[in-house]
Amino acid sequence: MFNIFFKSLRNRKGTAFLTIFSISISVTLLIGVENIRKGVRKSFSSAVSGTDIIVGARGGSLQLLLYSIFRIGNAPNNLSWESYNELSNNEKVKWTIPISLGDSHRGFRVVGTNKDYFNFFRYGNKKKLELLYGAPFSEVFDTVVGSEIANKFNYKLNQEIIIAHGTGRKSFLNHDDKPFKIVGILKPTGTPVDQSLHVSLEGITAMHIDWESGAPPMEGQSISAEEALKLDLTPEEITSFLVGLKSKIHAFDFQRKINTFKEEPLSAIMPGVALQELWNILRTAETGLRVITWFVLFAGLLGMITALLSGLNERRREMAILRSVGAGPGIISFLLILEATILTLLGIIFGLFFLYMALFILQPILETNYGLFIPINSLSYEEFIILGGVLLTGILMGIIPALKAYSQSLADGMTIRL
């Protein structure tokens, strides 16, 4: 019986191939959307850990989260160094990490901070940043680069690099008179840290000490790197800062204190709450993608049942011959259900193959360009349930042509229709 089935399928290999291909593409989209959804959530959730409050200029909570942690977008304004010092010395504060943004290096963000960044910043399951080579910056023109930057440009320790003004991928304003030296390369984290270049706050100040209102110095008015080191490099303002509290029960009180800060308008957010707001916004898009992929899958299965039904008229003689040699209606119906099952199963197998091949190819591209790490994992329990549902749906689709074949008589099969 299986020999007859495969020979019959071979005679219709073109239709069978298109059916398998359409189902495999549907499965690739269905499971791929789930993997991307989980990967995006994991990448965002693991980007920061152990931070109780993020403080920045007055603005939206999501905007503050995105530019402070994920290096996406720009701050509407900066906050003064005096305000930072006052809030960081609050009795409820255990540690703070100042962050200054606004410059870039070959399309990657430059993060101005201090050594507390390496001591207190956590990601994932409260993992500490570790250096693959070198040490944290100690001099004004030292820099520590993320693993992705080091790998992409093949950077080594003690190599000099130039930082550009602005955050665009291409900049015509470079701080080429004040090069930075690579003193450390961080281990991979799977977070935006990998795509960041870290310098001291004094280094940020030194780069811009001869700039006025975002414009480079006029000819003859520039200050060299050696001259800048002799000046006061205390920053006047920063972009934002992360806060770790002595006790989490003070989070709401400290947040309220910042939101009602009289010296200047500030915003304070809790990373977990802001992330939940982000998921709420994306939930509609996620649902829409799921609905679309299920419709694509349904279209693939509908194509299969259409091919089976349209092929029945061409296979009437085949069915009649089988019945004439002793195959009952049940056997013929079983062959059609088996055909639908095999086609669906092959579609699932090839769909998974296409999915993992696509993940293998796109994973480094997404991580480099968008900071999103989509892990290549084995199928989860939920995904097995989804694939089981796809297979069951394919089998149910095969019942329709099977019932039609079952109802056909031997005489009908031997009759020539004009």
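**Close-up views of salt bridges and a buried serine**

In this predicted model, the count of salt bridges comes to 5. The legends below describe individual sites.

**View 1. Salt bridge between Asp52 and Lys248.** The side chains of Asp52 and Lys248 meet with an N to O distance of 2.5 Å. Asp52 belongs to the loop between α2 (13–46) and β1 (53–57), and Lys248 to the loop between β14 (240–245) and α9 (251–259), so this pair ties together parts that lie 196 residues apart in sequence. Asp52 is buried, its relative accessible area being 11%. Lys248, by contrast, has a relative accessibility of 57% and counts as exposed.

**View 2. Salt bridge between Asp210 and Lys178.** Here the side chains meet at 3.4 Å, N to O. Asp210 is found in the loop between α7 (201–207) and α8 (225–228), whereas Lys178 is found in the loop between β10 (164–165) and β11 (180–186); the pair therefore ties together parts 32 residues apart in sequence. Asp210 and Lys178 are both buried. A network of salt bridges links these two residues with Asp177.

**View 3. Salt bridge between Arg256 and Asp253 within helix α9.** The closest N and O atoms of Arg256 and Asp253 are 2.6 Å apart. Both residues lie in helix α9 with a spacing of 3 residues, about one turn of the helix. Arg256 counts as partly exposed, at 49% relative accessibility. Asp253 is likewise partly exposed, with a relative accessibility of 34%.

**View 4. Surroundings of Ser267 in strand β15.** Ser267 lies in strand β15, which comprises residues 266–269. Its relative accessible area is 7%; because buried denotes a value under 20%, Ser267 is classed as buried. The side chain of Ser267 reaches the backbone nitrogen of Gly59 at a distance of 3.1 Å. When neighbours within four places in sequence are left aside, Ser267 is in contact with Ile54, Val55, Gly56, Ala57, Arg58, Gly59 and Leu64, and also with Ile258 and Asn259. Gly59 thus appears both as the partner of the Ser267 side chain and in the list of residues in contact with Ser267.

Conventions. Residues are numbered from 1 along each chain as its sequence is written. This is a predicted model: local features need pLDDT of at least 70, side-chain atom pairs count only at pLDDT 80 or more; totals for chains, interfaces and linings use all residues. Side-chain values use heavy atoms; hydrogens and water are left out. Helices (H or I, at least four residues) and strands (E, at least two) are DSSP runs, numbered from the N terminus. Buried means under 20% relative accessible area, exposed over 50%, partly exposed in between (1.4 Å probe, protein chains only). A polar contact is a pair of N or O atoms within 3.5 Å; within protein, one must be able to donate a hydrogen and the other to accept it, and residues adjacent in sequence count only if both atoms are side-chain atoms. Contact means heavy atoms within 4.5 Å. A salt bridge is a side-chain nitrogen of Lys or Arg within 4 Å of a carboxyl oxygen of Asp or Glu.
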